[in-house]
Amino acid sequence: MVTGAGSGIGLACAERYAQEGAIVIGMDLNEAEDWKGSMQGAQDDLFFQLNVCDYEALEAAVKETVERFKRIDVLVTAAGIGGGGPVHLLEEAEWDRVQSVNLKGTFLSAKAVLPSMMEQRAGSIVAIASIEGIVGAEGGSTYNASKGGVISLTKNMALDYGRLGIRVNSICPGLIETPLYHSIFDNEIMKPFADRYREQHKFGRFGKPEEVAGAAYFLASEDSSFVTGTALVVDGGFTAGHSVGMTALLGLE
Ligand SMILES: NC(=O)c1ccc[n+]([C@@H]2O[C@H](COP(=O)([O-])OP(=O)(O)OC[C@H]3O[C@@H](n4cnc5c(N)ncnc54)[C@H](O)[C@@H]3O)[C@@H](O)[C@H]2O)c1
């Protein structure tokens with residue numbers, strides 16, 4: 001089950017799981033156009049158009065899924081939004097908007113699937129957080145706080161549900177080229193900042209949604225059977241340290 005499956009990282013996770021032979025249930029606020037386009041052979045009724053802030057809708061989707069397929073092995077929470085600004089300028093409503101989708105939406109999605117996973121005594125929850133939940137970003141405020149909250153929430157769920165065989169981890173991507181990324185950086189004002197961000201990824205490029213999906217596949221699979229409570233950084237080295245460009249002097253370019 002993948003939230004935010006209509007676009008970007010969530011869609012890439014859904015595609016990867018489908019390639020690996022899973023039955024994938026997509027959930028997204030938006031209609032399933034991209035989902036239908038790229039999930040070859042996917043049935044329309046495996047997609048729920050819902051808001052992750054709406055617990056009743058999540059519960060109904062989980063109920064229908066369990067009735068039909070008997071179990072839910074994996075939940076990926078990729079539904080998320082950008083937003084923020086420096087604290088003194090940030091409207092209370094903007095703070096709430098970002099927290100409600102990114103943090104509360106993660107909580108509600110997990111809350112909806114946990115009873116099934118508890119009954120099965122097995123399951124893997126993978127929350128898409130961000131490196132911005134680990135380090136600051138200028139103007140980050142509510143977004144960064146929401147992602148820090150997601151990392152913390154997954155660690156706590158790992159403690160609570162480990163004895164029931166449920167693993168809970170987060171992934172912290174660096175900047176990944178998705179529609180969300182393009183909506184923020186594809187303009188003249190933001191371009192110079194995008195260039196500087198790109199340089200801090202040690203391969204000199206942004207990440208691809210499939211590269212996050214690879215990590216999400218690992219955390220869902222038996223290969224990660226002893227991994228829980230981790231925040232897996234998938235950031236091309238962004239948080240490893242600052243680049244000042246000395247690799248050229250060292251003959252390393
Ligand atoms: N792109 C990046 O650089 C990057 C980096 C780190 C973390 N992330 C996180 O990865 C996740 C996915 O981001 P993306 O870049 O793929 O963005 P995206 O905009 O391409 O996809 C996000 C999807 O979530 C859906 N969504 C938004 N609000 C929703 C809601 N209330 N209920 C249901 N669905 C909702 C959107 O409709 C969209 O399809 C987000 O949590 C984002 O914060 C992205």
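How many residues does helix H1 have, and how far does H1 reach from its first C-alpha to its last? In this predicted model, H1 covers residues 8–19, which gives it 12 residues, and the distance between its end C-alpha atoms is 17 Å. That is close to the 16 Å expected at 1.5 Å a residue. Most of H1 is tucked away: 10 of its 12 residues are buried, so the helix is largely enclosed by the rest of the structure. The buried stretch starts with Gly 8, Ile 9, Gly 10, Leu 11 and Ala 12, and it also takes in Cys 13, Ala 14, Glu 15, Arg 16 and Tyr 17. Just past the end of H1 comes Gly 21, with a positive phi of about 100°.

One partner of H1 is helix H8, made up of residues 209–220. The two helices pack at an angle of about 55°, and their axes lie 8 Å apart. With that angle, H1 and H8 are therefore oblique to each other, and the crossing is right-handed. On the H1 side, the contact is made by Gly 8, Ile 9, Ala 12, Cys 13, Glu 15, Arg 16 and Tyr 17, while H8 brings in Pro 209, Glu 210, Val 212, Ala 213, Ala 216 and Tyr 217. Sorted by class, the residues of this contact come out as 9 nonpolar, 1 polar and 3 charged.

H8 itself also has 12 residues, and it reaches 16 Å from first C-alpha to last, close to the expected 16 Å. Its buried residues are Pro 209, Val 212, Ala 213, Ala 215, Ala 216, Tyr 217, Leu 219 and Ala 220. Besides H1, these buried residues pack against four strands: S4 (74–77), S5 (123–128), S6 (166–173) and S7 (231–234).

A second pair of helices is H4 (92–120) and H5 (residues 141–161). Their axes come within 9 Å and cross at roughly 20°. That angle is under 35 degrees, so H4 counts as roughly parallel to H5. As for handedness, H4 passes H5 in a right-handed crossing. H4 offers Glu 94, Trp 95, Val 98, Gln 99, Asn 102, Leu 103, Thr 106, Phe 107 and Ala 110 to the contact, and these meet Thr 142, Tyr 143, Ser 146, Lys 147, Gly 149, Val 150, Leu 153 and Met 157 of H5. The class count here is 9 nonpolar, 6 polar and 2 charged residues.

Gly 80 sits in the loop that runs between S4 and H4. Is this loop residue buried or exposed? With 27 other C-beta atoms within 10 Å, Gly 80 is buried. Setting aside its neighbours within four places in sequence, Gly 80 is in contact with Gly 4, Val 101, Asn 102 and Ile 128. Asn 102 also appears on the H4 side of the contact with H5. Tyr 181 is 101 residues from Gly 80 in sequence, yet the two are 12 Å apart in space, C-alpha to C-alpha.

Two backbone angles round off the picture. Most residues other than glycine have a negative phi. Lys 70, however, has a positive phi near 75°. This lysine lies in the loop between helix H3 (55–69) and S4, and it is exposed, having 9 other C-beta atoms within 10 Å. Ser 141, which is not a glycine either, has a positive phi of about 25°. Ser 141 belongs to helix H5, and it is buried, with 21 other C-beta atoms within 10 Å.

Notes. Residues are numbered from 1 along each chain as its sequence is written. This is a predicted model: local features need pLDDT of at least 70, side-chain atom pairs count only at pLDDT 80 or more; totals for chains, interfaces and linings use all residues. The expected span of a helix is 1.5 Å times one less than its number of residues. A residue is buried if 20 or more other C-beta atoms lie within 10 Å of its own, exposed if 12 or fewer, and partly exposed in between; C-beta atoms are placed from the backbone. Axes are lines fitted to C-alpha atoms, for helices over the stretch in contact, and angles run from 0 to 180 degrees between N-to-C directions. Angles under 35 degrees count as roughly parallel, over 145 as roughly antiparallel, 65 to 115 as roughly perpendicular and the rest as oblique. A crossing is left-handed if the near helix is turned anticlockwise from the far one by less than a right angle, and right-handed if clockwise. Two residues are in contact if their C-beta atoms, placed from the backbone, lie within 7 Å. Ala, Val, Leu, Ile, Met, Phe, Trp, Tyr, Cys and Pro count as nonpolar, Asp, Glu, Lys and Arg as charged, and the others, Gly among them, as polar.
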